[in-house]
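Dear colleague,

I am handing over the structure we spoke about, and below it you will find what was found in it. Please keep the sequence and the structure open beside this message while you read.

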Amino acid sequence: MLVLFETAAGYAIFKVLDESKLQEVDSLWKEFETPEKANKVVKLKHFEKFQDTTEALAAATAMTEGKMGKSLKKVLKKVVAKEAHEQLAISDAKLGGVIKEKLNLSCVHSPAVAELMRGIRTQMESLITGLPPREISAMSLGLAHSLSRYKLKFSPDKVDTMIVQAISLLDDLDKELNNYIMRCREWYGWHFPEVGKIITDNLAYCKSVRKIGARTNVATTDLSEHLPEEVEAEVKLAAEISMGTEVSEEDIGNIMHLCDQVIEITEYRTQLYDYLKNRMMAIAPNLTVMVGELVGARLISHAGSLLNLAKHPASTVQILGAEKALFRALKTRRDTPKYGLIYHASLVGQTSAKNKGKISRMLAAKASLAIRYDALGEDTNAEMGVENRAKLEARLRPKQPAHMRCQAVMMMTNVNSPETT
């Protein structure tokens with residue numbers, strides 16, 4: 001019996017010297033306790049060394065997928081095919097089927113073979129001559145790094161991890177910003193309460209407070225950079241008649257530091273949103289066109305990955321995010337929800353209340369096709385999404401009443417009739 005043993009440095013073919021040892025599976029490990037004992041069980045017949053890490057990576061990826069690479073085929077033809085009457089012990093049954101089909105070699109995979117492989121691995125350094133342990137260790141490390149990079153780069157489950165993390169962080173930032181802004185308005189409101197009603201935009205409010213500081217500085221502060229002229233005049237007028245309490249310089253300093261945090265987080269949120277938009281257009285362009293980058297990213301995040309989302313039917317995509325309402329409705333035997341996360345898409349938002357359920361169903365059907373095209377298709381353009389969105393927008397346009405359509409048809413027929421010419 002011959003044994004095919006894969007290492008990070010190359011392929012090794014061993015000859016089993018005493019096949020009777022394989023019958024005692026439970027005690028086979030004892031035969032590999034020392035290098036001397038191991039050399040009495042198996043003997044190295046041939047070792048095919050990899051030329052570089054690229055060849056090792058190609059061989060490793062082929063092995064993990066149960067395929068026969070070029071280097072393995074070369075070894076088997078050179079060594080094993082000469083002794084076709086011998087059985088070939090292998091570690092992967094799927095690979096054995098491929099070898100038998102292509103090279104017509106008898107392959108064996110059993111618990112005894114697995115135990116034999118484990119024994120060879122423990123005494124690999126002494127069994128494979130001419131290969132220093134240091135070199136084996138270096139090639140193992142290099143192959144591990146190359147294989148990890150290959151899997152991270154090409155695995156369809158990993159490519160959308162950035163979207164899941166980005167949308168989760170965006171939601172966290174929104175929550176933090178709401179808390180910070182609420183605290184900022186309430187804190188500064190004790191000193192200058194009127195400005196909170198005048199300046200409604202949160203970022204403009206924080207920038208204005210940062211520039212004003214104490215209420216007494218409003219008259220001499222130029223706010224034209226952050227506020228329109230009429231709003232600035234209203235703020236200055238309110239400062240003269242304000243009913244706020246006096247605060248110390250230390251209080252103002254802490255409030256201004258809080259404003260700095262709000263401004264900084266808001267700027268980072270804008271940057272993160274641009275990043276998310278670019279990633280969504282690169283990974284799921286058709287889904288982005290259909291429902292928008294935020295809703296699309298939340299759908300991917302909720303499903304776990306784009307590939308998982310592609311496995312969902314359109315009915316599931318429609319109510320994704322409304323699981324609690326669905327199970328509550330099923331339990332109480334009431335009407336099930338018509339939409340989940342997809343409710344926030346612009347196409348659903350611009351529809352009348354009575355048609356929201358219908359348009360969400362149509363949008364989910366088209367979005368489901370777009371998701372599968374993005375996840376499994378080879379093209380990276382958004383033509384399909386643009387075309388389907390145009391169809392849905394055409395359905396949204398209000399139709400003419402029946403009597404107006406009849407009048408239009410009659411006018412056209414009168415114009416085209418020979419009597420009128």
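**The strands and their sheet**

Strand E1 (residues 2-6) and strand E4 (residues 88-89) run parallel to each other, and 2 bridges join them. Please bear in mind from the start that this is a predicted model, and that the values in this message are computed from it. Within the pairing of E1 with E4, Leu 2 has Leu 88 as its bridge partner in E4, while Val 3 stands opposite Ala 89 of that strand.

Strand E1 also pairs with E2, this time in the antiparallel sense and over 5 bridges. The two strands form a hairpin, with 3 residues between them. If you follow this pairing residue by residue, you will find Val 3 opposite Phe 14 in E2 and Phe 5 opposite Ala 12 in E2. Val 3 therefore appears in two pairings, as it stands opposite Phe 14 in E2 and opposite Ala 89 in E4.

From E2 the sheet continues to E3, and these strands run antiparallel, joined by 7 bridges. One of the facing pairs here is made of Lys 15 and Lys 43, the latter in E3.

Taken together, the 5 strands make an open sheet in the order E3-E2-E1-E4-E5, and the pairing is mixed. Which strands stand at the edges? They are E3 (42-49) and E5 (107-108), and because each has a single partner strand, one side of each is left without a neighbour in the sheet.

How much of these strands is covered can also be read from the model. In E1, 4 of the 5 residues are buried, so that the strand is mostly covered. In strand E2 (residues 10-16), 6 of the 7 residues are buried, so this strand is largely enclosed by the rest of the structure.

**The chain as a whole**

Besides its 5 strands, the chain has 21 helices. Its radius of gyration is 35 Å, whereas the globule rule gives 22 Å for 421 residues; the value for the chain is well over that, and so the chain is more spread out than a compact globule. Along the principal axes, the C-alpha trace spans about 100 × 90 × 50 Å.

Of the 421 residues, 40% count as buried. The accessible surface of the chain comes to about 24700 Å², and carbon and sulfur atoms account for 54% of that area. When you look at contacts between residues at least 6 apart in sequence, 64% of them join residues at least 24 apart. As for charge, the chain has 57 positive and 53 negative charges, and their mean positions are 9 Å apart.

**Three residues to look at**

Two of these residues lie in helices, and for each I give the helix, the degree of burial and the contacts.

Ser 208 lies in helix H10 (residues 202-212). Is Ser 208 buried or exposed? Its relative accessibility is 1%, and since anything under 20% is counted as buried, Ser 208 belongs in that class. Leaving out residues up to four places away in sequence, Ser 208 touches Ile 199, Leu 223, His 226 and Leu 227.

Ala 367 lies in helix H19 (residues 356-376), and at 0% relative accessibility it counts as buried. When its neighbours within four places in sequence are set aside, Ala 367 is in contact with Leu 287, Met 290 and Val 291. Ala 367 also gives you a distance to check for yourself, as it is 129 residues from Ala 238 in sequence and 51 Å from it in space, C-alpha to C-alpha.

The third residue is Arg 333, which is placed in the loop between helix H17 (323-332) and helix H18 (346-349). Arg 333 is exposed, with a relative accessible area of 79%. Although Arg 333 is not a glycine, it has a positive phi of about 60°.

With kind regards

How values were computed:
Residues numbered from 1 in each chain as written. Predicted model: local features only at pLDDT ≥ 70, side-chain atom pairs only at ≥ 80, totals over all residues. Heavy atoms only, no water. Rg over C-alpha atoms; globule rule 2.2 N^0.38 Å. Buried < 20%, exposed > 50% of the residue type's maximum accessible area, 1.4 Å probe, protein only. Contact = heavy atoms within 4.5 Å. Areas by Shrake-Rupley, 256 points an atom, 1.4 Å probe, with all protein chains shown as cover. Lys, Arg positive; Asp, Glu negative; His and termini not counted. Charge placed at Lys NZ, Arg CZ, Asp CG, Glu CD. Pairing = 2+ DSSP bridges.
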